Amino acid sequence: MSDPGLAPTPWRGPEGPFVGTPPPARAPRRWAHDERLDALLRELFAAHGPQRWWPARTPYEVCVGALLVQHTTWRGAERALANLRAARLLSPARQLAADAGALGRALRPSGTWRLKRARLLAFADWYRAAGGLRALTEPPLERARTALLGVPGVGPETADAMLCYAAARHAVVMDVYARRLLVSRGLVPAGLDLARCRAFVAERLVRSQWVHEEFHALCVRAGRAGR
DNA sequence: ACCCAGGGTCATA
DNA sequence: TATGACCATGGG
């Protein structure tokens with residue numbers, strides 16, 4: 001088999017290539033089985049339109065981006081990604097074989113670059129050993145998620161982002177933006193932990209890959225806009 | 001000068 | 001279980 005991590009499935013949106021489900025011709029009839037959650041997502045979509053996440057060319061690039069964007073702006077992560085691309089360091093094998101200094105320099109614009117270098121290498125090692133993208137797509141969702149959470153530097157949000165956008169699975173990505181929205185609509189009590197917020201949404205979203213992808217993207221977009 | 005960004009980990013209490 | 005410190009760069 002060819003180099004795992006280089007399997008391209010990019011679609012092209014107005015803001016560049018993205019790995020993900022192309023937007024449907026018209027908005028879905030339903031986003032969620034819960035009336036209020038459905039209304040919330042309808043409003044977000046009406047306000048912001050299709051987000052076309054994740055901006056990347058390959059599934060592995062999604063994973064790298066998910067690691068690099070932690071506690072940083074996408075702008076910074078994107079710069080680091082561009083550096084990695086220019087240095088041909090966007091596959092697990094290349095990253096594992098790379099000079100540590102070169103790798104570190106490439107990651108610098110995304111901040112916490114020593115940490116991220118270690119995390120990226122740990123993930124690359126796991127990804128390659130586990131057989132590439134199959135490790136995310138083939139096992140039952142919970143099993144794949146647990147495996148990801150075992151990789152140092154991969155927490156709940158990062159794992160779910162990889163599963164949703166790189167592996168195209170029905171994973172709900174929960175973050176503080178989404179919780180803020182849920183709380184402001186009175187859907188969940190203030191301060192509810194993110195794991196429960198995630199479960200709340202997971203139990204109510206319709207079974208559509210595109211809807212799962214848009215859910216997180218719209219929440220982030222709304223969180224970015226509002227303030 | 002201060003605050004925070006598309007988090008996660010580790011040490012304390 | 002629940003906070004706080006830490007990571008490090010870039011923009012407001």
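Into which domains is chain A divided? Chain A consists of domain 1 (21–52 + 171–225) and domain 2 (59–166), with bounds that come from an automatic or database domain assignment. This is a predicted model, in which local features need pLDDT of at least 70, side-chain atom pairs count only at pLDDT 80 or more, and totals for chains, interfaces and linings use all residues. Residues are numbered from 1 along each chain as its sequence is written, while chains are lettered from A and ligands numbered from 1 in the order in which they are written.

## Overall form

The secondary structure of chain A comes to 12 helices and 2 strands. Helices (H or I, at least four residues) and strands (E, at least two) are DSSP runs, numbered from the N terminus. Along the sequence the pattern is β-β-α-α-α-α-α-α-α-α-α-α-α-α.

The C-alpha trace of chain A spans about 50 × 35 × 35 Å along its principal axes. Its radius of gyration is 17 Å, which agrees with the value near 17 Å for a compact globule of 227 residues. That radius is taken over C-alpha atoms, and the globule rule is 2.2 Å times the number of residues to the power 0.38.

Of the 227 residues in chain A, 39% are buried. A residue is buried if 20 or more other C-beta atoms lie within 10 Å of its own, exposed if 12 or fewer, and partly exposed in between, with C-beta atoms placed from the backbone. Among contacts in chain A with a separation of 6 or more, 69% join residues 24 or more positions apart. Two residues are in contact if their C-beta atoms, placed from the backbone, lie within 7 Å.

## Between the domains

The centres of domain 1 and domain 2, taken over C-alpha atoms, are separated by 25 Å. Contacts link 10 residues of domain 1 with 8 residues of domain 2. On the side of domain 1 that touches domain 2, α11 (194–202) and α12 each supply at least two residues. The largest share of that side, 3 residues, comes from α12.

The largest nonpolar core has 62 residues, of which Val62, Cys63, Met162, Tyr165 and Ala166 touch the most other members. Domain 1 and domain 2 both give residues to this core, so the core lies between them. A nonpolar core is a set of buried Ala, Val, Leu, Ile, Met, Phe, Trp, Tyr and Cys residues joined through C-beta atoms within 7 Å. Leaving aside neighbours within four places in sequence, Met162 is in contact with Val62, Cys63, Ala66, Leu136, Leu148 and Ala167.

Ala159 is found in helix α9. With 23 other C-beta atoms within 10 Å, Ala159 is buried. Beyond its neighbours within four places in sequence, Ala159 is in contact with Arg145, Leu148, Leu149 and Val154.

## Surfaces near the DNA

A residue is near a strand if its C-beta atom, placed from the backbone, lies within 6 Å of it. DNA strand B has 22 residues around it, of which Gln70, His71, Trp74, Gly155 and Thr158 come nearest. Two or more residues of this surface come from each of α9 (156–166) and α12 (209–225). Helix α9 gives the largest share, 4 residues.

The residues that surround DNA strand C include His71, Gly76, Arg108, Thr112 and Trp113. Helix α6 (residues 113–129) gives the most to this surface, with 3 residues.

The table lists three surfaces by residue class. Ala, Val, Leu, Ile, Met, Phe, Trp, Tyr, Cys and Pro count as nonpolar, Asp, Glu, Lys and Arg as charged, and the others, Gly among them, as polar.

| Surface | Nonpolar | Polar | Charged |
|---|---|---|---|
| Near DNA strand B | 10 residues | 9 residues | 3 residues |
| Near DNA strand C | 3 residues | 5 residues | 2 residues |
| Side of domain 1 that touches domain 2 | 6 residues | 2 residues | 2 residues |

## Backbone details

Most residues other than glycine have a negative phi, and most peptide bonds are trans. The peptide bond from Trp53 to Trp54 is cis, with omega near 0 degrees. Trp54 lies in the loop between α1 (35–48) and α2 (59–68).

Arg52 is found in the loop between α1 and α2, and its phi is positive, near 55 degrees. Arg52 counts as buried, with 22 C-beta neighbours inside 10 Å.

Thr112 has a positive phi of about 35 degrees and sits in the loop between α5 (100–107) and α6. With 14 other C-beta atoms within 10 Å, Thr112 is partly exposed.
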